[in-house]
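Student: I have a structure open and would like some help reading it. Could we go through it together?

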There are 2 protein chains.
Amino acid sequence: MAPAPNPHPPTSPRRARLSRDLVLSTALALVDAEGLDALTMRRLGHELQRDPMSLYRYASNRAALLDGVSEMVLNELAIFPDDPDWQAQLRKIAHDLRLLALRHPNVVPLLVTRPLSTPLGMRPLGTLRPLEQILALLIDAGFTPASALHVYRAYYGFLYGHILNELQEYIVDPDENEAILRLGLHRLPAKDFPHLRALGPVLADYDGDAELDQGLSILLAGLATQLATPHARAIQQP
Amino acid sequence: MAPAPNPHPPTSPRRARLSRDLVLSTALALVDAEGLDALTMRRLGHELQRDPMSLYRYASNRAALLDGVSEMVLNELAIFPDDPDWQAQLRKIAHDLRLLALRHPNVVPLLVTRPLSTPLGMRPLGTLRPLEQILALLIDAGFTPASALHVYRAYYGFLYGHILNELQEYIVDPDENEAILRLGLHRLPAKDFPHLRALGPVLADYDGDAELDQGLSILLAGLATQLATPHARAIQQP
DNA sequence: ACAACTTCTCTACACCGTAGACTGTACATG
DNA sequence: CATGTACAGTCTACGGTGTAGAGAAGTTGT
């Protein structure tokens, strides 16, 4: 008769003490590996060899858990608000964020979707850091605070849009990518989608990096003119 | 002893025959009214006074149901690929899509997120229609098919990004909007978020329409130069 | 009248998030 | 050493979810 089945489980060395960081990074790993749906409280508990209920010490909700994962991912993004060349810095941030998204594609829906159900001021602070730092960058560069906000919106909007676009066309294993893509396109009725079907080959090799950079060039050129003319400032203090 | 409790329920006049359209539009109404989480098979069944299982005749999945709702919303978007003034048409589409998003804010996460888990060729056809039609518009305007695709990407990326941005700052009831927003901002540590906090008032009155239009101007100006120079064509056939 | 087909319902299962009460351990204090 | 207190982790249970599979009811063609 063994009264306590596992007093000192000798064969499980990795049963470290829980911590918010451990919980969140395990959650992130799980999402990266198996997608958002795999991240259930029960599954995560199993992964950490703990009762699912113990997780509620470190995230009061499943929603909060998801927010935590977003935050953790965004923390990988480094921003240097003191860079004197604001355009170069914005370019760098954009490419970094793009790579981040490609590294954690399953998290992107969270990044994009969670803020929609959380008023700005109530978001996890880590999520707002990029916004604050980019504002700082722009204001340092000479923009009015108000017009810095406008520039941020145009810039970040474009950036998120690009990332979504690119991910929408990518996703599948790069190996079968072209095959599957073509297969998919072949399904389209030729009558209704002539252009789309014809573009199969072009769709297949999408150089997201180049495309992003080109878009940024257009946008930054346009935005820089706002800095040159005092036009923007006129809005704030006429 | 009532053997059949409800042979001809006389008090429910609206028990029409089901159809995919009825199912989807009821689903959309439900999402609009109570959000995405309210759209469960059981709830929708209840709404239609049918057993939840009957829905599987018209959408083989919950995921397929969501796709159907996206499709239904996108069908509200009218595009005129024959418009000779492509820039004006792109502007119009952008504003229309923005209004569509504001009319169905709860559906936006679907619009943005579902394609991420569906290879392009496998999406509901209604979802691809805008892409095809915009390509047609651009090609008619003189763009190479390949560069039309690039223009589409820059344009649609920017557009989606803007919509996400705007919705992220809006969401709450316009009444309490400013109050809640300020309250939220007040929560931020002044030390770490000076710029963001200072921008409270500016954040509160966001003229999304103007902002979108301004961004479009920048972008379209940039894109038009590609049409002028044969630069883009050089990429395809050197 | 019968049969074939479609539409809708019933039952059941495995899984989900999480409330609430509980156990066990760690440590500060007497 | 004893004891109180805080905290970490657990257990059980409840109401909800999507959906497989078999069956009932309704509709239509002959």
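Student: Which residues are closest to DNA strand D?
Tutor: This is a predicted model, and in it 17 residues surround DNA strand D. The closest are Asp51(A), Met53(A), Tyr58(A), Arg42(B) and Met53(B).

Student: And how much of the strand D part within 4 Å of the protein is sugar and phosphate?
Tutor: Sugar and phosphate make up 45% of the atoms of DNA strand D that come within 4 Å of the protein.

Student: What does Arg42(B) do with its side chain there?
Tutor: An N or O atom in the side chain of Arg42(B) is 2.4 Å from a base nitrogen of DNA strand D.

Student: Which residues have polar atoms by a phosphate oxygen of strand D?
Tutor: Among them are Asn61(B) and Leu18(A). Asn61(B) has a polar side-chain atom 3.0 Å from a phosphate oxygen of DNA strand D. For Leu18(A), a backbone N or O atom lies 3.5 Å from a phosphate oxygen of that strand.

Student: What classes of residue make up the surface near strand D?
Tutor: That surface has eight charged, six nonpolar and three polar residues.

Student: Now strand C. Which residues are closest to it?
Tutor: DNA strand C is surrounded by 17 residues, the closest being Arg42(A), Met53(A), Asp51(B), Met53(B) and Tyr58(B). Of the atoms of DNA strand C within 4 Å of the protein, 44% belong to sugar or phosphate, and the rest belong to bases.

Student: What part of strand C does the side chain of Arg42(A) meet?
Tutor: A base nitrogen: an N or O atom in the side chain of Arg42(A) is 2.3 Å from a base nitrogen of DNA strand C. Backbone atoms take part as well. A polar backbone atom of Asp51(B) is 2.5 Å from a phosphate oxygen of DNA strand C, and a polar backbone atom of Leu18(B) is 3.5 Å from a phosphate oxygen of the strand.

Student: Changing topic: what rotation superposes chain A on chain B?
Tutor: A rotation of 180°, with 0.0 Å of shift along its axis, superposes chain A on chain B with an RMSD of 0.1 Å. The two copies are therefore related as by a two-fold rotation axis.

Student: How many residues does each chain put into the contact?
Tutor: Chain A gives 59 residues and chain B gives 59 residues. The copies meet through the same surface, because 100% of the interface residues of chain A are also interface residues in chain B.

Student: How much area do the two chains bury between them?
Tutor: Chain A and chain B bury about 5500 Å² between them, with 69% of it on carbon and sulfur atoms. In chain A, Leu116(A), Arg153(A) and Gln168(A) lose the most area to chain B, together 13% of what that side buries.

Student: How many salt bridges are there across that interface?
Tutor: There are four salt bridges across the interface of chain A and chain B. In one of them, the side chains of Glu169(A) and Arg153(B) meet at 2.7 Å, N to O. In addition, 18 residue pairs are in polar contact between the two chains.

Student: Which helix gives the most to the side of chain A that touches chain B?
Tutor: That is α7(A), with 16 residues. By class, the side of chain A that touches chain B has 38 nonpolar, 13 polar and eight charged residues.

Methods: Residues are numbered from 1 along each chain as its sequence is written. Chains are lettered from A and ligands numbered from 1 in the order in which they are written. This is a predicted model: local features need pLDDT of at least 70, side-chain atom pairs count only at pLDDT 80 or more; totals for chains, interfaces and linings use all residues. Side-chain values use heavy atoms; hydrogens and water are left out. A residue is near a molecule or strand if one of its heavy atoms lies within 4 Å of it. A polar contact is a pair of N or O atoms within 3.5 Å; within protein, one must be able to donate a hydrogen and the other to accept it, and residues adjacent in sequence count only if both atoms are side-chain atoms. Copies are superposed by least squares on the C-alpha atoms of residues with pLDDT of at least 70 in both. Contact means heavy atoms within 4.5 Å. Buried area is the accessible area (1.4 Å probe) that two parts lose on being put together, summed over both. Helices (H or I, at least four residues) and strands (E, at least two) are DSSP runs, numbered from the N terminus. Ala, Val, Leu, Ile, Met, Phe, Trp, Tyr, Cys and Pro count as nonpolar, Asp, Glu, Lys and Arg as charged, and the others, Gly among them, as polar.
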